[in-house]
Structures are given as structure tokens and as C-alpha cells.
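Biologist: I should be grateful for a close look at the largest pocket of this model. Please describe its space and its lining, and then turn to the contacts and salt bridges elsewhere in the chain.

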Amino acid sequence: ERSLIRATAADASDQVGGVGISVSGEQTPASLTLRQSTIVGNRLCGVLLLGATGDLDQLRVEGTLEQLADRRYGIGVHAEPRGSLPAKLTLRRSLVTDNRLAGVFLADASGELEGVHVSATRSQPADRTLGAGLVVNSLTTLVSTLQVRDSLFSDNRRAGIEIWRAA
């Protein structure tokens with residue numbers, strides 16, 4: 001609660017990473033509860049949930065940059081399964097702004113957004129793709145699900161919300 005995660009550096013040897021918060025399940029699910037916090041100026045991903053559940057409220061996720069190694073990503077908040085462990089994101093009363101590729105990205109994951117403002121998402125520099133406020137994607141046979149209430153998506157490059165093969 002009331003934490004600041006800022007300017008996490010990439011690995012010096014290969015320039016990969018720089019994630020602000022990474023929560024990863026291995027054999028058992030992992031979870032994160034975070035309130036009234038700021039995640040700013042990190043690389044690759046501001047908040048990364050892999051096979052994990054995130055309950056996030058009153059966050060400011062801002063200025064996530066691409067990783068240095070390949071100039072890709074820069075996602076504000078990202079959730080995806082890890083092996084057989086599902087991912088679920090609940091994001092409330094938060095601002096996700098000035099990120100790359102996607103403000104919020106759900107890949108084969110479920111999500112609930114309420115009272116969220118996602119703005120000013122830009123393309124990733126490597127290939128100038130995306131720049132969407134919210135991306136929901138089912139890459140496997142798993143189905144991504146999403147509920148959005150009382151939220152605003154503004155000034156994003158490609159789309160406010162982009163959904164590929166999701167329910």
C-alpha cells in the first residue's frame with residue numbers, strides 16, 4: 001500500500017527486463033494485492049502477472065518503456081497464464097497512461113476493469129505496432145474474458161479497446 005516502484009533497470013548483461021512488479025506462479029498460483037501505489041518509468045512491463053491473480057486498486061501506471069534489448073513491449077499491466085496456472089486481473093480506480101504497445105494486455109486471461117482511465121498508449125518502437133489502450137487476446141485454446149465498467153479509454157494510438165478471439 002502507498003508504494004512507489006520507479007525506473008527499474010534492465011539486466012546489464014543483455015539489456016532484457018526492467019519490470020516494475022513481476023508476480024509469477026510456479027507449481028501453485030501466486031497473488032498480488034496492491035493499493036494506492038505508483039509504478040512509473042519501468043521497462044518491458046509495469047505490472048506483470050504470470051499464472052497469478054492481481055487485485056489492484058488506485059494505481060498509477062505510467063511511462064512504461066520498451067526493453068532495451070529489442071525495443072519491444074512497454075506494457076502498463078499484463079496478465080497471462082503460466083503453464084496450467086491461470087491469470088486474473090482486477091483493476092479498479094486506476095490511471096494507466098503513456099505506455100507502449102498496450103496500456104492493459106490480457107493474453108489467455110480474465111479481467112475486470114472498473115473506474116479505470118487508460119490513455120496515451122503509443123506503439124512499441126521496434127516495429128511501430130499496436131498502441132492500444134486495452135488488448136484482450138486468446139492465443140491458445142484458453143478463452144480470455146473481460147468485464148469493463150465506468151472506464152475511459154482516450155488518446156490511444158491504434159484503438160481504445162482491441163479484442164482478438166476472446167469471450
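Modeller: The largest pocket holds about 160 Å³ of space, in a model that is predicted. Its lining consists of Leu 44, Cys 45, Leu 48, Leu 50, Tyr 73, Ile 75, His 78 and Glu 80. Two elements, strand E4 (45-50) and strand E6 (75-80), each give two or more residues to this lining. By character, the lining residues comprise six nonpolar, one polar and one charged.

Let us turn to Thr 97, which is placed in strand E8 (residues 95-97). Thr 97 counts as buried because its relative accessible area is 12%, and buried means under 20%. Beyond its neighbours within four places in sequence, Thr 97 is in contact with Val 61, Glu 62, Gly 63, Ser 119 and Ala 120. With Ser 119, the side chain of Thr 97 makes a polar contact of 2.8 Å. Val 118 is 21 residues from Thr 97 in sequence, while their C-alpha atoms are 5.7 Å apart.

Salt bridges come next, and the model has 11. One of them joins Arg 35 and Asp 55, with the closest N and O atoms 3.2 Å apart. Arg 35 belongs to strand E3 (residues 30-40) and Asp 55 to strand E5 (residues 52-62), so this pair, 20 residues apart, links distant parts of the chain. Arg 35 is partly exposed at 25% relative accessibility, as is Asp 55 at 22%. Together with Arg 92, Arg 35 and Asp 55 are linked in a network of salt bridges.

Conventions
Residues numbered from 1 in each chain as written. Predicted model: local features only at pLDDT ≥ 70, side-chain atom pairs only at ≥ 80, totals over all residues. Heavy atoms only, no water. 1 Å grid on protein atoms, 1.4 Å probe; cavity = no way out; pocket = protein on both sides within 12 Å on 5 of 7 lines; lining within 4 Å. Points joined across faces, edges and corners; volume = space filled by probe spheres on them. Helix = DSSP H or I, 4+ residues; strand = E, 2+ residues; numbered from the N terminus. Nonpolar A, V, L, I, M, F, W, Y, C, P; charged D, E, K, R; others polar. Buried < 20%, exposed > 50% of the residue type's maximum accessible area, 1.4 Å probe, protein only. Contact = heavy atoms within 4.5 Å. Polar contact = N/O pair within 3.5 Å; in protein donor to acceptor, adjacent residues only side chain to side chain. Salt bridge = Lys/Arg side-chain N within 4 Å of Asp/Glu carboxyl O.
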